[in-house]
Amino acid sequence: MTTAFSFELAAADGRARTGLIRTPRGQIRTPAFMPVGTAATVKAMMPESVAATGADILLGNTYHLMLRPGAERVARLGGLHRFMNWDKPILTDSGGFQVMSLAELRKLTEEGVTFRSHVDGSKHFLSPETSMEIQRLLGSDIVMCFDECPALPADDARVAESMRLSMRWAARSREAFGDRPGHALFGIQQGGVTEELRGESAEALKVIGFEGYAIGGLAVGEGQAAMFGVLDYAPGMLPEDKPRYLMGVGKPDDIVGAVKRGVDMMDCVLPSRSGRTGQAWTRRGQVNIKNARHADDPRPLDEHCTCPACRNYSRAYLHHVFRAGEMISGMLLTWHNLHYYQEIMQGMREAIAQRGFAAWEDAFHAQRAEGDIPPL
Ligand SMILES: [Zn+2]
C-alpha cells in the first residue's frame, strides 16, 4: 500500500486517457465516475452496494456536511470514511459552488463568503482557509480548492473578475492546505466558455502547482455543445501528467464525450437522483419505469445488465414498486443506474487501453440510437 498520492497514465487513444491514481485509501482507475454521497450517504444505497457497482471513489459535499452534522462532529467520530462506512477514497468539494446555489443571504468579499444555512438559518463563513480546515476535519483524500463559479450566461468581464478571485483563492487554498502526505489538493480552472480566460486560469494554477486539476464552471446550463466546445481545448491547457476532473458531469453521452476530450474523472448526482424518480439509464437510452407499458412486462430492464435490479426483477415489478411508492424502487433503480455508469467507465478504460475507443464510442451511440426494446 502506497503512502503517497500519485497518478500514472497507462495508455492514450486520441485524446482519451486511461490510468491509475494511487492513494493510501486505495486505487482509482481512470477514467473514473464518482457517485455523489452528499450527506455522508449515496441516497438509497448501502456503501457496500456502491462498491459492488465498481466505484473506486465517492464525492462528499462540504457545504452539506459542515451544516449537518458538522465537520468537528464527523472528526470526533473518526472522520467521514468511518462515519459513513466507506473505506475507499473520498473527494470533497470545497463548498463554494453549493454556497452559491443553496445558501441564503450570501455576502461575497475578497476574504470569503458569509451566508445563512438553508437548513436552520444559522450564520456561517466559508473562505479558502475554512474550507481547507473543514475538508481536513472530514478526512477527505482529494480536497478541492475553494472557488467561485458565476452562473452562465455571464458577460466576459464578470467571468474574468470571478475567475481571478478564484485564482487568488486557489493560492490561499494551497497555502492553507499545507503539507499532507497521501492527500491531494486539486486546483479548479474557471473562465466560463472563453478560451482566453480558460488559458489564463490554467497558467495561474500551474504556477501554484496542484496534485490534480479540475475543470469547473461547466454543466451549469450552457448545454452540451458549448460544454464540448470548451472541452475541445480546456483539458489540453492542464498538465499532461496530472488527473483532470470535470465537475458535475453528467449524462452518459456527456461522460463519453468528456473522456474522448481528455477528462479523467467526473461526478454527478444524475444516476442516483434519477433512480429515485423512476428514471433508468440503459445502454438503449433512458427508460421511464412509470410508463404503463411496463405494467405487464416480465422482461428485465436490460437483459444484458448484471445488476440485481436486472437479474432478479421484471419491469412489471419495478413499475409496481415505483407506483406504490415503495422504497425498494429507488434502491433498485439507483443500483442499476450506478452499475450502468460504472460499466460505461470500464468499457472506456478497456477500449482506450486497446486503442479501440472510436469503435467503442460508435457502438455506444448505435445502441442508444436503437432506443428501448419495443413493448410486448
Ligand atoms: Zn441493471
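This passage walks through a zinc site, the cysteines and two pieces of strand pairing in a predicted model.

The zinc ion makes a handy starting point. Four side chains hold on to it: Cys 305, Cys 307 and Cys 310 each through the SG atom, and His 336 through ND1, at 2.1 to 2.3 Å. Seen from the zinc ion, the 4 donor atoms subtend angles of 101 to 113°, so the arrangement counts as tetrahedral. Read along the chain, the donors follow the spacing C-x1-C-x2-C-x25-H. Cys 307 sits in the loop between β16 (285–288) and α13 (308–312), while His 336 belongs to helix α15 (residues 327–353), so this pair ties together parts that lie 29 residues apart in sequence. As for exposure, Cys 307 and His 336 are both buried. Cys 305 is buried too, because its relative accessibility is 6% and the cut-off for buried is under 20%.

Next come the cysteines and the matter of disulfides. The structure holds 0 of them. Take Cys 145, which is in no disulfide: the nearest cysteine sulfur is that of Cys 149, and it is 14 Å away. For a disulfide, the two sulfur atoms would have to be within 2.5 Å. Cys 145 has a relative accessibility of 1%, so this residue counts as buried.

Now for the strands. In general, strands of a sheet pair through backbone hydrogen bonds, and they can do so in parallel or antiparallel fashion. One open sheet here has 3 strands in the order β7-β8-β9, and the pairing is antiparallel. The edges are taken by β7 (104–108) and β9 (123–126); each has a single partner strand, so one side of each is left without a neighbour in the sheet. On average, neighbouring strands of this sheet are turned by 15° against each other, ignoring direction. Looking at one pairing in detail, β7 is joined to β8 (residues 113–116) by 3 bridges, with the two strands running antiparallel. Within that pairing, Leu 108 stands opposite Val 113 of β8.

Another antiparallel pair is found earlier in the chain, where strand β2 (residues 16–23) and strand β3 (residues 26–30) are joined by 5 bridges. The connection from β2 to β3 is a hairpin that passes through 2 residues. Among the facing residues, Ile 21 has Ile 28 in β3 as its bridge partner.

Definitions and conventions. Residues numbered from 1 in each chain as written. Predicted model: local features only at pLDDT ≥ 70, side-chain atom pairs only at ≥ 80, totals over all residues. Heavy atoms only, no water. Pairing = 2+ DSSP bridges. Helix = DSSP H or I, 4+ residues; strand = E, 2+ residues; numbered from the N terminus. Axes fitted to C-alpha atoms, helices over the stretch in contact; angles between N-to-C directions. Buried < 20%, exposed > 50% of the residue type's maximum accessible area, 1.4 Å probe, protein only. Donors = N, O, S within 2.8 Å, 3.2 Å for Na, K, Ca; no water. Tetrahedral: all angles 85-135°; square planar, octahedral: opposite > 155°, others 65-115°.
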